[in-house]
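Thanks for coming. I have one structure to go through today, and I will keep to the sheets, the cavities and one serine.

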Amino acid sequence: MSIGTDTGAARRARSVPIRRALRRLMDDPANALLEFAEEAGGEVVRLELGPFRPYLVTHPDHVQQVMRLEWTNYQRVGMFWRPLERLFGHSIMGDGEPWRTSRDILQPLFTTRYIATIADEVAARVEARVEEWDEHARNGREIDATAEMSGILTYIVNRVLFGDKLSREDGERIVPAFDLVSHSLVYRFLMPFMPYFIRVPRDRACLRGVKQIDDVVFPIVEKAMANPDDGLDVISVLCRSTNPDGGRLSAKQIRDALVSVYAASSETTAMILTWLWLLMEEHPDVAARLQAEIDEVVGDGPARPEHVPRLSYTRMVLLEALRLYPSGWLLPRQVMEDAEIGGVRVKAGSTVLITPYATQRLSEFWERPNEFDPERFASDKAANGERRHRYSYFPFGGGPHKCLGEHLFYVEGPLVVAAILSRYRLSVRTPGPFTIAWAASLRPKGRITLGVSFAGRDRNAVAL
């Protein structure tokens, strides 16, 4: 398929009529986009949504064009990004100079080399937080999967981002606030053309969640700015950093960067771990093999950074879970100048929708695309030449805007799974089937509860 911007044979995109597009998107947005993509065989599709007519781009060639090869022409601006600005402001989640400034400051703190220097501390924090489930295991109390996964990740990133300047109580206030905003933003995504002086469903809830986050973050930022130190946590580095003009970052700039990095380093992992327990419940053979690897490598624990390279099947399981349930399921871009994607002319000002959820399930690029099969990511398959298109799998995005939290995920994800399964056995108590919630990040609908029991002998329990 053509990627060039001027082939001389541009055509109109096939379209999905408004009645069908609206009905399906309101019912099940992620699977609606997958359905439209499959019907078009990966070709560019235009969605007729009244005054808003975005292009759905799912073929890996076209995704690569938009996200990497011609990324400067497809910016994270416009009506689709305005709702996100309520939460993230202007930082690494945006574009232009604020993005460049934040990226230059933050990128050194999320390299594989830097993550290796904090891996021991990450492991210790995972272990300490997971051990709190002992009381649940003894008393038979269920846990809320999403809340607990988010709580564990917040406990970790409190050190990485805030240098322990965030109290446990305040950290636990951030988790439900992010959840509230995520569920609220989706209404603006589905009605991006609606003026902001008109309230849409959940607008007030969204603003309430953002205020709750600000009430936690701004006091910490202002205190850190007044007493900058030599710490290597993100907030300390931001407080010592400068704008291109040489001036110090403002409290708002630091706040925006912190909230953006919090989402990048905790939201993805928390959501994928929530989906993981549901997938393990549905695939006991995979769960048994995962457990066997952790028993062999980690034993009774604790899980340590040196275990991570040997947890190869654990990594495969996480990669496949990310294929099926990428947290960032919708990545819109605005076309800055007239261009051509796959032979379709797209005009400046148009919106392009990229969705890893659909691309990573296209039958043209994945056998049995809707089946959960970690063997897709076996290293021996790549060694034998079974290579896939680079942009058929991009749960962390791609190009210059690739998620900063990717390297941290590959350390904290296996450590959390290994820490849990070396100590406990989990069972899903919520009856299925499990469907996708209406939310800005891909998460299960409703409350998912887990039963917790000890993996072996409870070392501290009194025999009953």
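Start with the open sheet of three strands, in the order β5-β11-β10, with antiparallel pairing. At the edges are β5, residues 143-144, and β10, residues 424-428, each of which pairs on one side only. Keep in mind that this is a predicted model. Between β5 and β11, the latter spanning residues 449-454, there are two bridges, and the two strands run antiparallel. To find that pairing on the screen, look for Asp-144, which stands opposite Thr-449 in β11.

Next, strand β9, residues 351-354. In the parallel sense, β9 pairs with β3, residues 55-57, over three bridges. Leu-56 is the residue opposite Leu-353 there. With β6, β9 runs antiparallel, and four bridges join the two. One position to look at is Arg-333, whose bridge partner in β9 is Val-352.

Is each face of β9 covered or open? Both are covered. As a rule, side chains in a regular strand alternate between the two faces of the sheet. In β9, Thr-351 and Leu-353 are on one side, Val-352 and Ile-354 are on the other, and all of them are buried.

Now the empty space. A probe the size of a water molecule, rolled over the atoms, shows where such space is left. How many cavities of 30 Å³ or more are there? The count is five. The largest has a volume of about 710 Å³. Its lining consists of 33 residues, and those nearest the centre are Phe-88, Met-93, Ala-263, Gly-328 and Leu-331. By class, that lining has 21 nonpolar, seven polar and five charged residues. Among the elements involved, α4 (82-88), α9, α12 (251-282) and β6 (331-335) each supply at least two residues of the lining. So far β6 has come up twice: as a partner of β9, and here at the largest cavity.

Helix α9 brings me to the serine. Ser-182 sits in this helix, which covers residues 168-190. Why is Ser-182 classed as buried? Because its relative accessibility is 6%, and the cut-off for buried is under 20%. The side chain of Ser-182 makes a polar contact with the side chain of Ser-441, at 3.1 Å. Setting aside neighbours within four places in sequence, the contacts of Ser-182 are Glu-267, Ala-439, Ala-440, Ser-441 and Arg-443. Ser-441 therefore appears both in that contact list and as the polar partner of Ser-182, a residue that counts as buried.

That is where I will stop.

Notes. Residues are numbered from 1 along each chain as its sequence is written. This is a predicted model: local features need pLDDT of at least 70, side-chain atom pairs count only at pLDDT 80 or more; totals for chains, interfaces and linings use all residues. Side-chain values use heavy atoms; hydrogens and water are left out. Buried means under 20% relative accessible area, exposed over 50%, partly exposed in between (1.4 Å probe, protein chains only). A polar contact is a pair of N or O atoms within 3.5 Å; within protein, one must be able to donate a hydrogen and the other to accept it, and residues adjacent in sequence count only if both atoms are side-chain atoms. Contact means heavy atoms within 4.5 Å. On a 1 Å grid over the protein atoms alone, a cavity is a set of points where a 1.4 Å probe fits but cannot get out, and a pocket is an open set with protein on both sides within 12 Å along at least five of seven lines; lining residues have an atom within 4 Å of a point. Grid points are joined across faces, edges and corners, and a volume is the space filled by probe spheres set on the points. Ala, Val, Leu, Ile, Met, Phe, Trp, Tyr, Cys and Pro count as nonpolar, Asp, Glu, Lys and Arg as charged, and the others, Gly among them, as polar. Two strands pair if DSSP finds at least two bridges between them.
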